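Visitor: I'd like to go through this structure one question at a time. Please keep it plain and start wherever you like.

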Amino acid sequence: MKTRVYVTLKNGVLDPQGKAIHHALEGLGFSGVNDVRAGKLIELDLAEGVSDEDVEAMCRKLLANTVIENFRIERPESQGAAA
Amino acid sequence: MKSAVIVFPGSNCDRDMIVGLETVTGQRPIPIWHRETTLPDGLDVIAVPGGFSYGDYLRSGAMAANSPVMRAVKDAAERGVPVLGVCNGFQILTEAGLLPGALMRNAGIRFVCRDVALTVGEARSPFTAGYRAGEQVVFPVAHHDGNYQADAETLDRLEGEGRIAFRYAGECNGSARHIAGIVSERGNVLGMMPHPERAVEPAHGNQDGRRLFEGLLETVGA
């Protein structure tokens, strides 16, 4: 079962890659972009019975570095957990 | 002085560290492959070298921090064994939770590879014993993810407890409060982005890093 984990930098943490993308978009002539934040999407193919708590533990232990990053879990059949 | 240098797939400063330690201490360090679960007895220091362990996949140091050998490194650090993490080694030690904070992409995005001036901080550790607080030294840096960040409370605590080992004398990579290196609460773990092992021999053009190893040798007295 596909579960998606979105990892993003916490608010207030400078995102140099987002900044560079923003500049590049402006350089290409796209206007109206107020800000860009870059993150990661991690897709997990999980067996039946893997709980939301398990996925959250995966995020805390490895997928996200909670010192600087937030994560959001998107599971097809559940509301998901966020932190 | 009995030392070990941890080697991960993608480490590329392990030989520099081995040569640096041997040059100063006269004793050849033991290279330890990351799949080992135990370390040799009686180690006086463990070095986690620079490089691009696991190709920096996910985050710099994230994979290496979960390598089997890191359990043994953590246990040794808890027993008070001096642990030195340089560059990728610093990233690994923060990811492993041995040091607070995180190393993010350089604020200027570019890989920074040059000599930088550093101010020695107040930290008391076997690794800074050879320097005076406030003194200026020059070490090479070579990194893409050296931008040290932590929340304000952690930064205040590091400064309040005198745990800054080195600060960049000028702007380098966007690091909070110009932090280039910090020590653990007990002072036995040092993580730093600049490379002392690349400033040891006359041929390096600068020997400011040599005193880090000399101070260590004097402190552990072996």
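Around one glutamate and its partners

Visitor: In which loop is E197(B) found?
Guide: E197(B) belongs to chain B, in a loop with a strand on one side and a helix on the other. Helices (H or I, at least four residues) and strands (E, at least two) are DSSP runs, numbered from the N terminus. The loop is the one between β11 and α5 of chain B.

Visitor: Before we go on, what kind of model is this?
Guide: Residues are numbered from 1 along each chain as its sequence is written, while chains are lettered from A and ligands numbered from 1 in the order in which they are written. Local features need pLDDT of at least 70, side-chain atom pairs count only at pLDDT 80 or more, and totals for chains, interfaces and linings use all residues, since the model is predicted.

Visitor: What is the mean pLDDT of chain B?
Guide: pLDDT is the predictor's confidence in each residue, from 0 to 100. In chain B, 100% of the residues reach 70 or more. The model as a whole scores ipTM 0.85 and pTM 0.93. For chain B the mean pLDDT is 97.

Visitor: Is E197(B) buried or exposed?
Guide: The rule counts other C-beta atoms within 10 Å of a residue's own, placed from the backbone: 20 or more is buried, 12 or fewer is exposed, and in between is partly exposed. E197(B) has 30 C-beta neighbours inside 10 Å, so the verdict is buried.

Visitor: Which residues does UniProt list as "active site"?
Guide: The unreviewed UniProt entry puts that feature at C87(B), H195(B) and E197(B). They span 111 residues in sequence, yet no two of their C-alpha atoms are more than 11.0 Å apart, so they gather at one spot. UniProt positions are in the numbering used here, feature names are shortened, and annotations may be inferred rather than shown by experiment. To repeat the record's list: C87(B), H195(B) and E197(B).

Visitor: Which listed residue does H195(B) touch, C87(B) or another one?
Guide: H195(B) is found in the loop between β11 (189-192) and α5 (210-220) of chain B, and is buried, with 23 other C-beta atoms within 10 Å. Contact here means that C-beta atoms, placed from the backbone, lie within 7 Å. Not counting residues up to four places away in sequence, the contacts of H195(B) include C13(B), V86(B), F139(B) and C87(B).

Visitor: Which residues does E197(B) contact?
Guide: Neighbours within four places in sequence are left aside here. What remains for E197(B) is C13(B), D16(B), M17(B), G20(B), V86(B) and G209(B).

Visitor: How many bridges link β4 of chain B to β11(B)?
Guide: Strands count as paired if DSSP finds at least two bridges between them. Both faces of β11(B) are covered, with V189(B) and G191(B) buried on one side and L190(B) and M192(B) buried on the other. G85(B) stands opposite G191(B) in β11(B). Strand β4 (residues 83-86) of chain B runs parallel to β11(B), and their bridges number 4.

Visitor: Which residue in the β10(B)-β11(B) hairpin takes a positive phi?
Guide: Strand β10 (residues 179-183) of chain B runs antiparallel to β11(B), joined by 3 bridges. Among the pairs, V183(B) has L190(B) as its bridge partner. The hairpin has 5 residues between its strands, and the positive phi, near 85°, belongs to G187(B).

Visitor: Which residues touch the most other members of the largest nonpolar core?
Guide: A nonpolar core is a set of buried Ala, Val, Leu, Ile, Met, Phe, Trp, Tyr and Cys residues joined through C-beta atoms within 7 Å. The largest has 70 residues, and its best-connected members are I6(B) and A165(B).

Visitor: What is the strand order of the open sheet in chain A?
Guide: This sheet has 3 strands with antiparallel pairing. Its edge strands are β2 (40-45) and β3 (69-74) of chain A. The order is β2-β1-β3.

Visitor: Which residues of chain B does I68(A) contact?
Guide: I68(A) lies in the loop between α2 and β3 of chain A. With 20 other C-beta atoms within 10 Å, I68(A) is buried. Leaving aside neighbours within four places in sequence, I68(A) contacts L9(A), K10(A) and V13(A) in chain A and, in chain B, A102(B), M104(B) and Q149(B).

How values were computed: Two residues are in contact if their C-beta atoms, placed from the backbone, lie within 7 Å.
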